[in-house]
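Hi,

Here is the structure I promised to pass on. Please have a look at it first, and then read my notes below.

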Amino acid sequence: MNFAELLRHVGIFGGAVIVSLALLSVFSVAMIIDKHRRFSSTTRESEKFKPEFKKFLHGGDVQNLVEAGRLHPISHVAQVVSAGIIEYDGVGQSGGDPTAALELVTSALRDSISETLIQLKRGLGFLATIGSTAPFVGLFGTVVGIINAFRSIAATGSGGMSVVSGGIAEALVSTAMGIFVAIPAVVAFNHFTGKIEIFHVEMNRASSQLVNRLFKIPELKGLDVEMADVKAPTVKKEGPAYATR
């Protein structure tokens with residue numbers, strides 16, 4: 001008995017289960033394709049943006065970095081870096097002190113990372129739900145098919161293949177459909193989750209590098225000025241004391 005013959009022996013309830021699993025499969029495949037395109041685009045755009053970001057880290061012009069961020073808005077790295085640059089520029093124009101600027105830029109980078117992760121994770125919960133529930137939906141159809149097979153045996157008083165074929169068909173098709181729908185969803189969910197972890201690491205690294213680039217030099221200059229102010233009065237006070245003695 002081939003698959004087409006099995007479907008012809010499926011009852012109404014078993015057919016409803018199979019149709020439900022088929023719809024879940026369609027939604028799952030559509031989500032997988034959409035996430036694959038999204039992740040491929042952000043990876044490709046980030047690879048184009050990273051050279052400009054490296055130039056900025058080695059003393060490049062901030063305006064070139066801003067323009068690169070506008071050219072690659074899909075890039076997850078560009079989104080985070082652009083958010084930090086915009087916040088830093090806004091604080092600089094308003095005349096805020098460096099300490100407040102550091103806190104505001106760090107907060108803006110953290111918020112941008114969170115928002116980007118939310119966008120990247122959107123739809124993955126649906127895949128996880130399909131991967132975890134589809135086998136149980138198929139198992140439910142299997143149980144119903146076995147019940148129908150036993151009902152047919154009880155109604156006819158015999159257990160020939162022609163009597164139980166409808167129930168067995170429901171059970172086999174439901175089991176196969178449940179597994180067929182669940183496996184791609186689980187594999188895709190694990191794959192995309194791993195990709196998101198990589199994106200998260202890249203965004204954290206970019207935000208740390210940006211903060212070091214924007215605030216490391218000003219902090220060192222401020223430290224040198226403070227050390228000079230501390231040493232200067234000490235020298236002046238010691239001179240008269242030695243002269244008096």
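**The nonpolar core**

In this predicted model, the largest nonpolar core has 41 residues, and Phe 49, Phe 53, Val 81 and Leu 210 are the ones that touch the most other members. Two or more residues of this core come from each of H2, helix H3 (62-71), helix H4 (76-94), helix H5 (98-121), H6 and helix H7 (161-244). H7 provides the largest share, 15 residues.

Val 81 is a good place to start if you open the model. Leaving aside neighbours within four places in sequence, Val 81 is in contact with Phe 49, Phe 53, Leu 65, Ala 206 and Leu 210.

**The nonpolar surface patch**

There is also something to see on the outside. Val 19, Leu 23, Val 26, Phe 27 and Phe 126 make a nonpolar surface patch of about 460 Å². Helix H2 (residues 12-57) gives the most to this patch, with 4 residues. One residue to look at here is Phe 27, which lies in helix H2. Its relative accessible area is 45%, so Phe 27 is partly exposed.

**Val 137**

Last, a residue in helix H6 (residues 124-156): Val 137. Is Val 137 buried or exposed? The answer lies in between: Val 137 counts as partly exposed because its relative accessibility is 26%. Apart from neighbours within four places in sequence, Val 137 is in contact with Val 17 and Leu 21. Val 137 and Ile 179 are 42 residues apart along the chain, and 9.7 Å separates their C-alpha atoms.

Happy to talk it through whenever suits you.

Best wishes

Conventions:
Residues are numbered from 1 along each chain as its sequence is written. This is a predicted model: local features need pLDDT of at least 70, side-chain atom pairs count only at pLDDT 80 or more; totals for chains, interfaces and linings use all residues. Side-chain values use heavy atoms; hydrogens and water are left out. Buried means under 20% relative accessible area, exposed over 50%, partly exposed in between (1.4 Å probe, protein chains only). Contact means heavy atoms within 4.5 Å. Patches are made of residues with over 30% relative accessible area and no salt bridge: like charges are joined within 9 Å, nonpolar side chains (Val, Leu, Ile, Met, Phe, Trp, Tyr) within 5 Å. Accessible areas come from the Shrake-Rupley method with a 1.4 Å probe; for residues, only the protein chains shown count as cover. A salt bridge is a side-chain nitrogen of Lys or Arg within 4 Å of a carboxyl oxygen of Asp or Glu. A nonpolar core is a set of buried Ala, Val, Leu, Ile, Met, Phe, Trp, Tyr and Cys residues joined through side-chain atoms within 4.5 Å.
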